[in-house]
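Let's take a friendly walk through a protein model together. Have the sequence and the 3D view ready, and turn the model as you read.

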Amino acid sequence: MTLRLLIGSSNPGKIAELRRSLAGLDLELLTPDDLAERPAEPPEDAPTYRENAIAKAEAYRDATGLATVADDSGLEVDALGGAPGVRSRRYFGEDVPAQRRNAMLLGLLDGVTARGARFVCAAALALPDAPTEVFEGEVRGEIAPAPSGAAGFGYDPVFVIAGDGRTMAEV
């Protein structure tokens, strides 16, 4: 039996990424836009990725009755004390496009040689009548001197994966 799984996001980049990651599994992947009645998007105002992921997954599950996967992720730059962090998408303003955010980040790091950083992600799976499961991980790397690559979204063009030499957008 195919499981119906709601991707708890309206972010086209995250939806595409999750569709690629879950391809080949016996899942019918849905987004909020696929539903007859679109649930309200939950706020992302918790202080941690984990809490935001859980809140989104459970809010969408509770509103729809569907098994839901949701995540929260962000970029943490060592030289910026961990910023942009849990507010990565909104760090430079609510509606600033990704290309502009990347330019602003690179501007903050102009002249900085120690450019260590990490991507952090917490993904939550909220099933009906079951405890929510959370999976967390990180990828270490550094901030590139300039954007490179066409794949991915957000900060992917400026994040070089440690030991690889390519940006997330090149991978």
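This report looks at the sheet, then at one helix, and then at some salt bridges. Please keep in mind that the model is predicted.

**The sheet**

Start with the strands. Six of them form an open sheet, and their order across it is β2-β1-β3-β4-β5-β6. The pairing in this sheet is mixed. As background, strands of a sheet pair through backbone hydrogen bonds, either parallel or antiparallel. Which strands sit at the edges? They are β2 (27-30) and β6 (159-161), each of which pairs on one side only. From one strand to the next, the twist averages 35°.

For a parallel example, find β1 and β2, which pair in that sense over four bridges. Here you can spot Leu 6 opposite Leu 30, the latter in β2.

**Helix α2**

Now turn to helix α2, which covers residues 49-64. How far apart should the ends of its 16 residues be? At 1.5 Å a residue, the expected span is 22 Å, and the end C-alpha atoms are 23 Å apart, which agrees.

The helix has two sides worth comparing. Tyr 49, Asn 52, Ala 53, Lys 56, Ala 57, Tyr 60 and Arg 61 are the buried residues to look for in α2. These residues are on the same side of α2, because they cover an arc of only 155° around the axis. A general rule helps here: an α-helix has 3.6 residues a turn, so residues three or four places apart point the same way. On the other side of α2, you will find Asp 62 and Ala 63 exposed.

What covers the buried residues of α2? The cover includes β1 (3-7), α1 (12-22), β3 (67-77) and β4 (116-126). The helix lies across β1, β3, β4 and β5 (133-143), and α2 runs at about 160° to β3. After the helix comes Gly 65, with a positive phi near 80°.

**Salt bridges**

How many salt bridges does a search of the whole structure find? The search gives 11. Three of them are set out here with the distance between their N and O atoms.

| Pair | N to O distance |
|---|---|
| Glu 44 and Lys 56 | 3.3 Å |
| Arg 61 and Asp 62 | 2.9 Å |
| Glu 138 and Arg 118 | 2.3 Å |

Take the pair of Glu 44 and Lys 56, joined by a salt bridge between their side chains. This pair links distant parts of the chain, with Glu 44 in the loop between β2 and α2 and Lys 56 in helix α2, 12 residues apart. Both Glu 44 and Lys 56 are buried.

The partners Arg 61 and Asp 62 form a salt bridge too. Are these partners buried or exposed? Arg 61 has a relative accessible area of 14%, so Arg 61 is buried. Asp 62 counts as exposed because its relative accessibility is 58%.

Finally, look at the salt bridge between Glu 138 and Arg 118. Glu 138 lies in strand β5 and Arg 118 in strand β4, so the pair ties together parts that are 20 residues apart in sequence. Glu 138 counts as partly exposed at 43% relative accessibility, and Arg 118 counts as partly exposed at 24%. Through salt bridges that share partners, Glu 76, Arg 118 and Glu 138 are joined into one network.

Definitions and conventions. Residues numbered from 1 in each chain as written. Predicted model: local features only at pLDDT ≥ 70, side-chain atom pairs only at ≥ 80, totals over all residues. Heavy atoms only, no water. Helix = DSSP H or I, 4+ residues; strand = E, 2+ residues; numbered from the N terminus. Expected span 1.5 Å × (residues − 1). Buried < 20%, exposed > 50% of the residue type's maximum accessible area, 1.4 Å probe, protein only. Arc of directions from axis to C-beta. Contact = heavy atoms within 4.5 Å. Pairing = 2+ DSSP bridges. Axes fitted to C-alpha atoms, helices over the stretch in contact; angles between N-to-C directions. Salt bridge = Lys/Arg side-chain N within 4 Å of Asp/Glu carboxyl O.
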